[in-house]
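Visitor: I have a structure open on my screen and would like to learn how to read it. Could you walk me through some features, one by one?

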Amino acid sequence: MILHEIETVNREEIEKLQLERLRTTVERVFNNVPFYQEKLVERNVTPSSIKGLEDIAKLPFTKKQDLRNHYPFGLFAVDRKEIVRIHGSSGTSGKPTVVAYTRNDIKNWSEIIARAIVIAGGRPGEVLHNAYGYGLFTGGLGLHYGSEILGMCTVPISGGNTDRQITLIEDFEPTVICCTPSYVLNIAEHMEDLGKDPRKSSLKYGIFGAEPWSEEMRKTIEEKLAIKACDIYGLSEVMGPGVSVECHQEQNGLHVAEDHFLVEVIDPETLEAVPDGEDGELVFTSLTKEAFPVIRYRTGDIASINREKCKCGRTTLRMSRVKGRLDDMIIIRGVNVFPSEIEHFLLTVKELAPHYQVHLIKKGSMDAIELNVEITDAMYKQISGDMNHEKVHQLTNMIHHIMKNSCLVSMDIKIHQPKSIKRSEGKAVRVIDKRNTSLKV
Ligand code: DLL
């Protein structure tokens with residue numbers, strides 16, 4: 001196993017390094033970013049106020065809205081001439097949030113990704129099939145540069161054109177595939193449609209992220225493709241992919257690249273830290289970024305952290321898989337549900353294909369969930385294509401029951417024939433709000 005030395009140092013050493021780098025970062029934003037300078041002055045905080053890591057609590061939070069307010073370049077900490085790359089968030093509405101990198105930022109990011117690929121099972125000399133989208137989205141180019149400096153032969157296929165993806169997987173024999181978890185299922189399904197067995201490909205490891213996915217989804221992917229599927233997390237505002245990644249040995253929490261990012265978990269209401277092991281909102285402070293340092297960036301992502309040493313030998317702090325984003329959380333009659341929780345239970349039903357969509361609807365004046373699912377080809381054959389078959393009714397009742405018991409919400413279940421739910425080529429759209437109202441559930 002290749003271990004980077006920073007991954008196995010003791011907690012004291014890593015925290016010492018983090019403190020040094022935190023001070024430098026605070027100094028950098030204090031001197032170069034008027035937005036932060038103003039906020040720090042308001043709080044009577046100077047770079048020298050940072051004496052220990054706990055002093056991070058003195059620093060202001062940063063939110064996505066702050067990036068929007070300073071669109072496009074207002075939060076950058078270096079001269080425009082030093083910026084060698086721009087990326088943007090995959091923002092769903094309006095203008096993207098823009099982030100920037102110096103040459104040194106790209107070097108660090110590439111090294112972080114190279115480490116992440118190793119952690120997830122990739123090795124120099126092998127082929128990596130990169131089906132994350134190339135462009136403003138950080139997935140494609142982020143993985144690409146890391147894979148190259150690791151010494152992997154990198155196939156920059158990007159997302160989409162699924163038939164060609166399959167041809168190249170066959171011809172180039174990659175051992176690693178990188179894309180969203182929903183897209184790899186789409187690829188596997190296409191392979192089956194072409195009469196090819198996805199389990200027989202050269203692939204051994206998958207590095208999947210950019211969207212929430214569940215443990216059951218992991219099992220489904222691993223089973224369908226005979227690979228190990230690891231979770232990779234990140235966001236453009238903090239850097240892009242690689243902020244954390246699961247080790248292929250344990251697949252039990254994502255190792256945070258702690259020499260570059262300081263993580264906190266807070267209660268989104270009180271903004272106080274929550275104890276290790278408890279779910280809260282992830283907050284990141286970048287420790288080495290030059291062009292676009294972020295202080296206490298509120299991600300809106302819900303997860304917990306664990307500081308115990310991993311059985312793989314790494315001492316870096318691990319975060320749990322992300323349950324979902326605060327703004328994707330569905331609240332129905334006081335009960336909170338994340339789409340990934342629905343997914344987790346849905347995928348235990350063997351008659352269903354691993355594709356689904358949650359529609360938020362109105363039933364009278366009440367908000368409700370319509371859960372759209374799809375039966376497998378095998379089940380479709382069994383009922384001879386008759387979607388009114390008694391077995392479909394039984395299945396509807398069964399899923400209703402499972403959801404009611406596990407997610408505590410009574411949902412309308414809509415069962416569709418195979419291939420009716422739109423397949424993803426990047427980030428899957430799991431929730432569609434069909435309530436036609438500005439009211440937030
Ligand atoms: O999605 C970066 C990325 C690319 C991560 C490739 C992993 C692989 P953004 O487009 O800025 O960046 O979206 C960031 O996506 O705040 C999370 O809500 C979600 N997200 C990213 N990774 C995961 C994951 C990229 N592994 C937003 N699990 C984040 C759950 C994820 N959600």
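Guide: Gladly! Let's start with strands: β12 and β15 run antiparallel and are joined by two bridges. Helices (H or I, at least four residues) and strands (E, at least two) are DSSP runs, numbered from the N terminus, and two strands pair if DSSP finds at least two bridges between them. Within this pair, I302 stands opposite G324 in β15.

Visitor: What should I know about the model itself?

Guide: This is a predicted model, where local features need pLDDT of at least 70 and side-chain atom pairs count only at pLDDT 80 or more, while totals for chains, interfaces and linings use all residues. Residues are numbered from 1 along each chain as its sequence is written, and side-chain values use heavy atoms, with hydrogens and water left out.

Visitor: In what order do the four strands of the open sheet lie?

Guide: The order is β10-β11-β12-β15, with antiparallel pairing. β10 (261-266) and β15 (324-325) stand at the edges with a single partner strand each, so one side of each has no neighbour in the sheet. β10 is joined by six bridges to β11 (residues 280-286), and F261 has S286 as its bridge partner in β11. β11 also pairs with β12 in the antiparallel sense, over four bridges, and there G280 stands opposite A303.

Visitor: How many of the residues of β12 are buried?

Guide: Buried means under 20% relative accessible area, exposed means over 50%, and partly exposed is in between (1.4 Å probe, protein chains only). In β12 (residues 297-303), seven of its seven residues are buried. Y297, T299, D301 and A303 point one way, while R298, G300 and I302 point the other way.

Visitor: How do I read a single residue, such as T25? What does T25 contact?

Guide: Contact means heavy atoms within 4.5 Å. T25 is found in helix α1 (residues 11-32), and it counts as buried because its relative accessibility is 0%. Leaving aside neighbours within four places in sequence, T25 is in contact with S286, L287, T288, P293 and I295. A polar atom of the T25 side chain lies 3.2 Å from the backbone oxygen of L287.

Visitor: And how are two packed helices described?

Guide: They are described by the angle between their axes and the distance between the axes. Axes are lines fitted to C-alpha atoms, for helices over the stretch in contact, and angles run from 0 to 180 degrees between N-to-C directions. α1 and α2 (residues 34-42) pack at an angle of about 105°, with their axes 6 Å apart. These two helices are therefore roughly perpendicular to each other (under 35 degrees counts as roughly parallel, over 145 as roughly antiparallel, 65 to 115 as roughly perpendicular and the rest as oblique). The contact is made by V26, V29, F30 and N32 of α1 and P34, Y36, Q37, L40 and V41 of α2.

Visitor: Which residues touch the most other members of the largest nonpolar core?

Guide: A nonpolar core is a set of buried Ala, Val, Leu, Ile, Met, Phe, Trp, Tyr and Cys residues joined through side-chain atoms within 4.5 Å. Among the 75 residues of the largest one, they are L22, L59, Y233, L282, F284 and M319. Helix α4 (residues 103-119) gives the most to this core, with nine residues. A second, separate core of 49 residues includes I169, F208, V373 and I399.

Conventions. A polar contact is a pair of N or O atoms within 3.5 Å; within protein, one must be able to donate a hydrogen and the other to accept it, and residues adjacent in sequence count only if both atoms are side-chain atoms.
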